[in-house]
Amino acid sequence: MRRQLRTTAALAALLLAGAAACDSGGSGGSGQKDQGASASGTLTVWLQVDAQSLWPKSVAAATAAFNQKYPKVKVSVQYQAWADHLTKFDASAQANKVPDVIELGNSETAQYVQAGAFVDLTAKKSMFDGSDKWQKGLVDACTNDGKLFCVPYYGGTRAVVYRKDLFQAAGIAQPPKTWKELLADVQKLMDKHKSDKGFSGFFMPGQHPYGALPFVYDNGGQIATQGSDGKWKSDLASPAAVQGLKNWKALIDAGMRGDRTGDDLGAVPALVAGKAAMSFSTNGQLVQVYSADKGDPKLKGKVGSFPMPSPTKEGSYAPPYMGGSVLAVTAKSKEQTWGEEWIKDFTSTEREKEFLAGGFLANTLDLTSDDPERAGYFVGLEQSWNVPAAKNWAQVEKDLTIKQMLADIATGKMSVEDATATYGKKMEDTLNAS
Amino acid sequence: MPAPARSRRRERPATGARPAARAVWTALGVLVIAVWIFPVYWMATTAFKSTPAMEADPPQLWPHTPSLIHFRKVVDDPLFWDAVRNSALVTGITVPVAVLVAFASALAIARFRFRGRGTYLAAVMLVQMVPHVALVVPIFLTLSDVGLSDSVPGLVVTYLAFILPFAVWTLRGFVASVPKDLEEAAMTDGCTRMGAFRRIILPLTLPGLIATSVYAMILAWNEYLFAYFILASPDKYTVPLWLTHFVTSEGTDYGALMAGSVIVSTPVVIFFMIVQRHLAAGLTAGAVKG
Amino acid sequence: MTSLAPSRRSATTAEPPAPARRRADRTPYVLIAPSLVVLLGVLAYPLVKVVILSTQKWGVAQIFSASSAPTFVGLDNYTKLLGDSAFWTVLLRTVVLTVAMVGLSMGLGLGIALLMRQVPAWCRRGMTFALVMAWSVPTFISTEVFHWITEYNSGVANWALGIQPHNWYTDATQGLAVATAVVVWGAVPLIAITLYAGLMQIPSELVEAARMDGAGPWGVFRHITLPVLRSLLAMLTTLSVIWDFQVFNQIWILRNGAPSSDYYTLGIYAYVKAYAGHDYGLASATAVLTVVALLGVMVVYLRQIAKIGELS
């Protein structure tokens, strides 16, 4: 046995030596110097699968525009799944095969920006359309020490999506404007559907951080704050945040009869099936409700949106979370100029309008839709908030701290006070880990 | 070969059990069919349902108004057919190579005494104990160092490494249980070693070869994690990679996902249905001798 | 070493004709060479790398730094894991789940394989068809289907049981029972079909002869079936233990990619704890500990396996 092990180890060492000897040169291409129309090579772009499903034509149009300038450069767009794309990015960096351009969710950027994975675009900012009026929530995700490391791609917020027909049937003429009205309407809907044990007046599951946390911000709380020593401190257990989450829980108790341990992706099927009258969902999800493949075309015109009323300030709205995606040029890329040019073409005002039409927000706030159905998505954006700009925030998201806390609150497994204290401590540890 | 197998089945129905016992066995068999087919049935019927029908309460046990919208979405995508072609290529190479390589090793282990045999068998198993998620990045780095990342051969050798343990072990068992005297008898009857192999070992281990190739086929056809890391260019994507584009941050397109799964499961089942009657081949071969 | 080799050769050449023997000596090595090349080529470097990484700090900060060099941290990753009380809870849960999953899938798999010999041909064909159908569906799809079947409001399981609405997942014991069912459902086809193929090797004459000698069904099973299947059973059990110990997908998908901590198995724990933070050093340490734990669970068993290898 021991001899066998040694042989194996020796073989492995041989292989290791071989691996080290032939350190490959990375992606081909003609290098940085050769620019302009005669340049040839390949530009590799990683986009998330959403682009493949939602706006493949915009991707093609951007590449076409890019090829006007660089006819001999082949653009290879490779679509990535959300689950493992960053691990794959890490692996590609170790193999010196990084993509030249990469898309990240705006809550995923901090660690990469701080590690120096992306090219500093500060000096080139003005070349991108709308760069003087980019959305704050997206620019913040790209900024470190006042420098810009990525370009906002699209944004997304949530609003209350509602079934007009169910509202009418319950005798509700107008969507609610205040928190009190909202709770009253939920009650009316629940009374109307008393016999259906699975009906939710308001579909609000536990694993829905961006459904719950707006209530924290609404009441003046935050997720975490950074002290002058650079250490992060949980604010979830503060009285303001606790009360905010209690307001959220009140809405669940009033209207949620779906799976409280579930996530917000269950909202669309529930709305389509008439198992829910309202949900706190993205614009893309609203569109799905009446789409032919994921919803019911008969519901076209029967869904609308309105901003979530604030439980604390009459006539105001719970501040929405600004999600979205950004595009960066990788520092290890050999084709950085091409990368910048392609991003410029992909985030042109024309393309941004297509993202808007596709059910998202553009990277600037002046592009809005006049579609009444989408009304709820363009209100209160100036008070939108973003996740803490901590290097480890993505880890907090992925290690499920927030989702577990909210699910435990939603199911009543833990009181708001206990849950925020327990999970807040865990979050603090993660945020401050080296 | 099929003919004797079939006649044999008829002549020996259920090893001479009493009718009452047979009814119980058959009932149990039907129960097994129901339990294993129901989720697949549910998947397949869902592919024919519109979203409201999927969510209907009470559930629709069959699609009341069958719709082909999800299937159309799948088959109308040219990338889907690219993926099918790539998967067919990867699987088509992986299965025969895996079976050949494993069979050779199995013969060595079952029919020869040599040093390190037990260690080899245990080591093959040991290698399987390391979680795949921990191996995927280093494997990608290895392949990319030798220029095999983003290539079909790279994917094939990776699959081989994960098919071999099961394949070697299974086939070793099958070869080992072929009585040695049968082989020797054939050799004294004038067969060469090759001849004995062809007439005795091969037919008697055929069931094992089939079980192994089905295993290899399903692994190569359905594998996702390694394919995702090793392949980069979309034109090389295999079917499981293509399927995941229905899973977006805004929700999953279940109808299309299920329709795609129904389509991609079909070749596996057809393959098995073609080869399955050879699962009984061992019996036939035994009969030749008896 | 040098003195040993020739004496050995002279000892063996004593019996059979020398040339044939020498050829036979080389044949097995030629035969296993291809599989060795594949296994070593694909896995040797990764295995060594995992061990090395487990003593390093290797994450986003190191990968993208100018030097992209890992930091050596000794056994820090291990002490971090072993010092986490949650790790031990997770380990225990993983072992219990593995025992349940392997026991059920092996039991059912063997039962179904034996049953397939007892039923009429049409039923047997139906069974193989159903099993292969189930086997051919990728895990992530079949788990989605089970997720759906057990859905709170509109799941067909709740409807059929008349317990609508029912949440299978608020209580982890119930949720893990569903996960076990999904794993077993997915594992049985491979086991049953492989064992059935193994059963096909038993000459029916042998069974008849045993019957005539007065052996009952149990006797036939013990003295004829079991010996033939022994090595297949050992191999399938070992692989099942290895696979089920690392169960991830089924639980992950049933819980929408966000299981609460009472659902954590070693695989999920590693993913959440290490991969979420891109901490590949810690991830590798969990991989090494997984192997150690598996070896611990199977130490007796592996010896048995090595013996089977030596015996045949």
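Helices here are DSSP runs of H or I with at least four residues, and strands are runs of E with at least two, both numbered from the N terminus. Everything below refers to a predicted model.

Q: How many helices and strands are there in chain C?
A: Let's start with the fold of chain C and count the runs. Under that DSSP rule, chain C comes out with 14 helices and two strands.

Q: Of the contacts in chain C between residues at least 6 apart in sequence, what share joins residues at least 24 apart?
A: Chain C has 312 residues, of which 57% count as buried. Now take its contacts between residues at least 6 apart in sequence: the share joining residues at least 24 apart is 67%.

Q: Is C:Thr265 buried or exposed?
A: C:Thr265 sits in the loop between α12 (249–254) and α13 (266–275) of chain C. Buried means under 20% relative accessible area. The relative accessibility of C:Thr265 is 0%, so this residue counts as buried.

Q: Which residue's backbone oxygen lies 3.1 Å from a polar side-chain atom of C:Thr265?
A: Leaving out residues up to four places away in sequence, C:Thr265 touches C:Val90, C:Thr94, C:Leu97, C:Val247 and C:Ile251. The backbone oxygen at 3.1 Å from a polar atom of the C:Thr265 side chain belongs to C:Val247.

Q: What area is buried between chain C and chain B?
A: The size of an interface is often given as the accessible area lost when the parts come together. Here the contact takes 96 residues from chain C and 100 residues from chain B. Carbon and sulfur atoms give 75% of the buried area, and the total is about 9,100 Å².

Q: Which helix gives the most to the side of chain C that touches chain B?
A: Start with the polar side of things: the rule finds zero salt bridges across the interface of chain C and chain B, while 12 residue pairs are in polar contact. On the side of chain C that touches chain B, the top contributor gives 19 residues, and that is helix α2 (residues 18–53).

Q: How many residues on the side of chain C that touches chain B are nonpolar?
A: Sort that side of chain C by residue class. There are nine charged and 20 polar residues, and the nonpolar count is 67.

Q: Why is helix α6 of chain B largely enclosed by the rest of the structure, and how many of its residues are buried?
A: Helix α6 of chain B covers residues 117–127. Its buried residues include B:Arg117, B:Tyr120, B:Leu121 and B:Met125. The helix is largely enclosed because, of its 11 residues, the number buried is nine.

Q: How far apart do the C-alpha centres of domain 1 and domain 2 of chain B lie?
A: The domain assignment splits chain B into domain 1 (12–67) and domain 2 (70–289). Their C-alpha centres lie apart by 28 Å.

Q: Which three residues supply 61% of the area that domain 1 of chain B buries against domain 2 of chain B?
A: Domain 1 and domain 2 of chain B bury about 670 Å² between them, with 77% of it on carbon and sulfur atoms. On the domain 1 side, more of the area comes from one trio than from any other three residues: B:Met43, B:Ala47 and B:Met54.

Q: How many residue pairs are in polar contact between domain 1 and domain 2 of chain B?
A: The salt-bridge rule finds zero across this interface of domain 1 and domain 2 of chain B. For polar contact between these two domains, the count of residue pairs is one.

Terms used
Residues are numbered from 1 along each chain as its sequence is written. Chains are lettered from A and ligands numbered from 1 in the order in which they are written. This is a predicted model: local features need pLDDT of at least 70, side-chain atom pairs count only at pLDDT 80 or more; totals for chains, interfaces and linings use all residues. Side-chain values use heavy atoms; hydrogens and water are left out. Contact means heavy atoms within 4.5 Å. Buried area is the accessible area (1.4 Å probe) that two parts lose on being put together, summed over both. A salt bridge is a side-chain nitrogen of Lys or Arg within 4 Å of a carboxyl oxygen of Asp or Glu. A polar contact is a pair of N or O atoms within 3.5 Å; within protein, one must be able to donate a hydrogen and the other to accept it, and residues adjacent in sequence count only if both atoms are side-chain atoms. Ala, Val, Leu, Ile, Met, Phe, Trp, Tyr, Cys and Pro count as nonpolar, Asp, Glu, Lys and Arg as charged, and the others, Gly among them, as polar. Buried means under 20% relative accessible area, exposed over 50%, partly exposed in between (1.4 Å probe, protein chains only). Domain bounds come from an automatic or database domain assignment.
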